[in-house]
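Colleague: Morning! Could you walk me through this one before I get back to the bench?
Modeller: Sure, let me put it up on the screen.

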Number of protein chains: 4
Amino acid sequence: MSVSKTKEKTFVSTLVKNSYGKSLVRLTKIKRDGKHPEWKEITVEIVLTGPEFAGCYYDGDNSKVVATDSMKNTVYVEGAKHPLNSIEEFGLTLAKHFLEKYSHVAEVNLKLVEELWAQIPINGGLHPTSFVKGGEDKRVTQITKTRMATKVESGIDNLIVAKITNSGFAGFIRDEYTTLKETHDRIFGTKVEARWTYKNESCDFNSGYATARNTMLETFANHHSLSAQQTMYAMGDAVLEAVPGIEEISFVMPNLHRIPFDLINFGLENRNEIFIATSEPHGTIQGTIARKK
Amino acid sequence: MSVSKTKEKTFVSTLVKNSYGKSLVRLTKIKRDGKHPEWKEITVEIVLTGPEFAGCYYDGDNSKVVATDSMKNTVYVEGAKHPLNSIEEFGLTLAKHFLEKYSHVAEVNLKLVEELWAQIPINGGLHPTSFVKGGEDKRVTQITKTRMATKVESGIDNLIVAKITNSGFAGFIRDEYTTLKETHDRIFGTKVEARWTYKNESCDFNSGYATARNTMLETFANHHSLSAQQTMYAMGDAVLEAVPGIEEISFVMPNLHRIPFDLINFGLENRNEIFIATSEPHGTIQGTIARKK
Amino acid sequence: MSVSKTKEKTFVSTLVKNSYGKSLVRLTKIKRDGKHPEWKEITVEIVLTGPEFAGCYYDGDNSKVVATDSMKNTVYVEGAKHPLNSIEEFGLTLAKHFLEKYSHVAEVNLKLVEELWAQIPINGGLHPTSFVKGGEDKRVTQITKTRMATKVESGIDNLIVAKITNSGFAGFIRDEYTTLKETHDRIFGTKVEARWTYKNESCDFNSGYATARNTMLETFANHHSLSAQQTMYAMGDAVLEAVPGIEEISFVMPNLHRIPFDLINFGLENRNEIFIATSEPHGTIQGTIARKK
Amino acid sequence: MSVSKTKEKTFVSTLVKNSYGKSLVRLTKIKRDGKHPEWKEITVEIVLTGPEFAGCYYDGDNSKVVATDSMKNTVYVEGAKHPLNSIEEFGLTLAKHFLEKYSHVAEVNLKLVEELWAQIPINGGLHPTSFVKGGEDKRVTQITKTRMATKVESGIDNLIVAKITNSGFAGFIRDEYTTLKETHDRIFGTKVEARWTYKNESCDFNSGYATARNTMLETFANHHSLSAQQTMYAMGDAVLEAVPGIEEISFVMPNLHRIPFDLINFGLENRNEIFIATSEPHGTIQGTIARKK
């Protein structure tokens, strides 16, 4: 996407890519249309791309620039109009809005992150209007929309899990750089970051998310793990089996190491009970798993 | 605690306080004595104080210094021996250890922070050996022990809550510095940091913690709030009523503001649904509440 | 400071301490009165205390409450009027303002943190109106003012330093918990947090800060260190000698450990060159050093 | 890169991408070969890719797996042998090592981040063996090496700058979503993240870095800015002009907003001196600038 410019003589270079937008737009919406009010906490990032923005870079010509402050206003105004049943549906509406409203925008990239909250438990029930922050994981969607195509990539960040049996790591390469011992019974902890691609815009995003999250947790819990890689693949394969609307899933899974503390030096026996939790350095496993064609 | 020193002539000053220790000692313990293995994740901080450490400051005389690396080892070794039923009991054992082992230590200060984890839900039950990180709040205890007295101050950090009705803020001082509007229906969000003092070392720390946490959540949910201060006091009073072993409770509660976005400018009606979430600046409310004598 | 209340019957407790205020008020001021414009970046925290605030806690009576939003406005309005030559002078003015304006305020606590910026170097000189963020350390002052007394405690946060010779750690206690080896040539790294108390409000705060910072750096650099404690004491003693207006200085100095990586296992010689940088766990040294009377 | 597997029947999916490695390997090296010892602080991330790793994902077959712990050892061992004159040269050596040592590795991705430290100033000179953490920016390189090609992409993270004159933002689109006022005299602050691609492996990386950094700072300082985009492009064009070995440069530049505080409400005049510093939401500008062919 090379673009024309007016002051060509003074520059040695060409702008080959551009994009700009607004980050950390934090929207809280109380939905008052149901029996009980619901609340939604979403952080939105908007990025716009298009060749006509190049004049701003070359010449400071802002005549095509949608101010990022206006993008921020748009999130709140459109958020007021939209039912906000899922971050995917709201994101698709926002992306469509920017393409329709501004004919010179070629591509819209959005990221929406939703915080987990739960109703406060009270007298064996749930309080209708009071909430406590739930788990540390977040629901995420990233939407890419051009005038030709739409991509919805959703997922989870920061889903922290650990298993204390059925995990080993042995049989790896031993050479002069190797000091790690083999183990057939270790703690395996990780922080799952997952992204999956939906087949199209009419998938049921809320049930897709709920099923994918449960499936990942159950597979992690039940898997007999010979390596973090094997468990990751099993999790991805299980999600694809459980959610027909998902075509492909990718993971980034850092290893949250727990290193056995050697009690022999202190006159005690090692019984696989005492571990040093450590965060640096750490292994990181990545992979992309696609439905078989 | 002014202390003697040997090279008095060369210094213009006196050491009036000293302490040192080890921070971020991260212990994971798998308890294998019950029906199912349990797992505990605790971060320990140890601080030792005593006049005999002064020689190290004045002269670099390390003969009285317990290396902080040895303190770290102690956490793992004692952690292997101790049942670890509560962070308070383990902390009291550690504090006693340092005072008994090293006769020149005058005071031990410990902070133990426990992460929340939950068993992974599976087929309507709970997986016995796989865990997911629970809420974002942490259980905390701070123990101060000398040869004369012991103080156990326990609590919760980072308990994030919000209520969307029954909260207002009105009737405050209006003067030339005031631009805030009164409101009788606002979102009230906060991140509770609580510390309570137990009467003595034989309290039931686990039930004290569970009851205090539930009581704070329920009171926050049910309170008709005229100010953050009033809700905070009500929470503290309710904890003191619910847990006889607690003598005093202190709170630090930042206000997690949600500011109404004005839709009038955009041709829409304000219906108390759309808010800007913001983290700076923020109000902070503090207080200490004691049982009436 | 126990306080009366109106609904005594319904409560089991008494409010024994209260305070509230505004945090993270971020002020940028461009001073346009000199030859070149100057710029200041300050984050302010304000806390007010007084027995008359208790009604807000007990009854939700906000009639004595200065809204924290008004406190925020005050920082900007008073910041416009004040020359802002030092954070200490501005803080003292703010503290005086709150006590004079609101007769029921008993005590004002302020914390002001100033970011370091430097003019951008250009053609061997300095650009008059463009700036680059300087070192990672921050200048800090904490002011406590009642109707009777004023305390100005200033300092530095996050001054990160390291020395690669003239530092050892040996001769410490060896017992069954000790595995650390003695060393007479180690890397000593730390992140200095210092707070010093000025004799009175008419000290030269800017020169006090500059001299204290330089003195700490020079002493750290030149000291032959037998322990972190000894170097810390030497730094404090040197500051008290260099700045007559400072009465007392306190430090918190975490040890930024660099652990030798053992190359012997890999067929190489250990030449004290290769280290693992690690941030957990870490030692922490603290002390308070006062001018001899 | 679709890969074969052995238990095909049990899976609904195929692994289409894989990679794994070690993150946060923190190396400190003291170079003792010059007149004065030098010190280097580098954090390394290693990622390996190759079709033969697929067996580990499908079957838990670890026979081709280089343990990430061994990768960590490799950084320290190779770091001991290498002169470490630049992170680029060390990274290229590491990448070559992994490809040569393990014939089944198809691609190595490395990221090396170097912290800025400066010698402590002392008596008008510089202390030879004591250091203070310098500016907040970090030097970075990302190296991608296969058996066919090598890419060296270097840059800077977190270079925080601000200019207080010669910056405006006007003439942008005004529609029903626009509330931002035009300004011809604003503060323009940003945190530069830059990445540039070197022509080949024999460029002078240290002088490339130093010249690029100075050129970005000078251009930012001197530019008359009609928009953040325009200044970013000018910075990139200037770097390409100043460093012939750089082919292309990309930027991510968040806007560190400073919003005028309106003093009119408080009986004062607005003189463009008092600003609210805010970090959310914020604009973000991106672009890639290539040398004209």
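**Core, strands and chain contacts**

Modeller: Bear in mind that this is a predicted model. Its largest nonpolar core has 307 residues, and those with the most contacts inside it are Val239(A), Val239(B), Val239(C) and Val239(D).

Colleague: Nice. What does Val239(A) touch, leaving out residues up to four places away in sequence?

Modeller: With those set aside, Val239(A) touches Trp196(A), Ala212(A), Thr215(A), Met216(A), Ile246(A) and Ile249(A).

Colleague: Okay, new topic. How is chain A split into domains?

Modeller: The domain assignment gives domain 1 as 17-148 and domain 2 as 156-293. The centres of these two domains of chain A, taken over C-alpha atoms, are separated by 30 Å.

Colleague: And how many residues does each domain of chain A put into the contact between them?

Modeller: Nine come from domain 1 of chain A and nine from domain 2 of chain A. On the domain 1 side, helix 3 (87-101) and strand 6 (138-146) of chain A each supply at least two residues. By class, that side of domain 1 of chain A has two nonpolar, one polar and six charged residues.

Colleague: You mentioned strand 6 of chain A. How does it pair with strand 7 of chain A, parallel or antiparallel?

Modeller: Antiparallel, over eight bridges. A hairpin of three residues joins strand 6 of chain A to strand 7 of chain A. As one example of the pairing, Gln142(A) has Glu153(A) in strand 7 of chain A as its bridge partner.

Colleague: What does Glu153(A) stand opposite in strand 8 of chain A?

Modeller: That would be Thr197(A). Strand 7 of chain A pairs with strand 8 (residues 188-198) of chain A in the antiparallel sense, over nine bridges.

Colleague: Which strand of chain B is joined to strand 7 of chain A?

Modeller: Strand 5 (residues 125-133) of chain B, through three bridges, and the two run antiparallel. There, Val161(A) stands opposite Val132(B).

Colleague: What about strand 5 of chain A, what is that joined to in chain B?

Modeller: Strand 5 of chain A is joined by three bridges to strand 7 (residues 150-163) of chain B, again running antiparallel. In that strand of chain B, Ala162(B) is the bridge partner of Phe131(A).

Colleague: How many residues does each chain give to the A and B contact?

Modeller: Chain A gives 46 residues and chain B gives 45 residues. Several elements of chain A give two or more residues to its side, including strand 1 (13-31), helix 2 (68-81) and helix 4 (205-222). Strand 5 of chain A has the largest share, six residues. By class, the side of chain A that touches chain B has 26 nonpolar, 10 polar and 10 charged residues.

Colleague: Last topic, symmetry. What turn lays chain A on chain B?

Modeller: A turn of 180°, with a shift of 0.0 Å along the axis and an RMSD of 0.0 Å. So that is the relation of a two-fold axis. In chain A, the C-alpha nearest that axis belongs to Gly135(A), 2.3 Å from it. The same surface serves both copies, as 98% of the contact residues of chain A recur in chain B.

Colleague: And what turn lays chain A on chain D?

Modeller: Chain A goes onto chain D by a turn of 180° with a shift of 0.0 Å along the axis, at an RMSD of 0.0 Å. Of the residues of chain A, Val252(A) comes closest to that rotation axis, with its C-alpha at 11 Å. Here too the same surface serves both copies: 100% of the contact residues of chain A recur in chain D.

Colleague: Great, thanks!

Methods
Residues numbered from 1 in each chain as written. Chains lettered and ligands numbered in written order. Predicted model: local features only at pLDDT ≥ 70, side-chain atom pairs only at ≥ 80, totals over all residues. Contact = placed C-beta atoms within 7 Å. Helix = DSSP H or I, 4+ residues; strand = E, 2+ residues; numbered from the N terminus. Nonpolar A, V, L, I, M, F, W, Y, C, P; charged D, E, K, R; others polar. Pairing = 2+ DSSP bridges. Least-squares fit on C-alpha atoms with pLDDT ≥ 70 in both. Domains from an automatic or database assignment. Core = buried A, V, L, I, M, F, W, Y, C linked by C-beta atoms within 7 Å. Buried ≥ 20, exposed ≤ 12 C-beta atoms within 10 Å, placed from the backbone.
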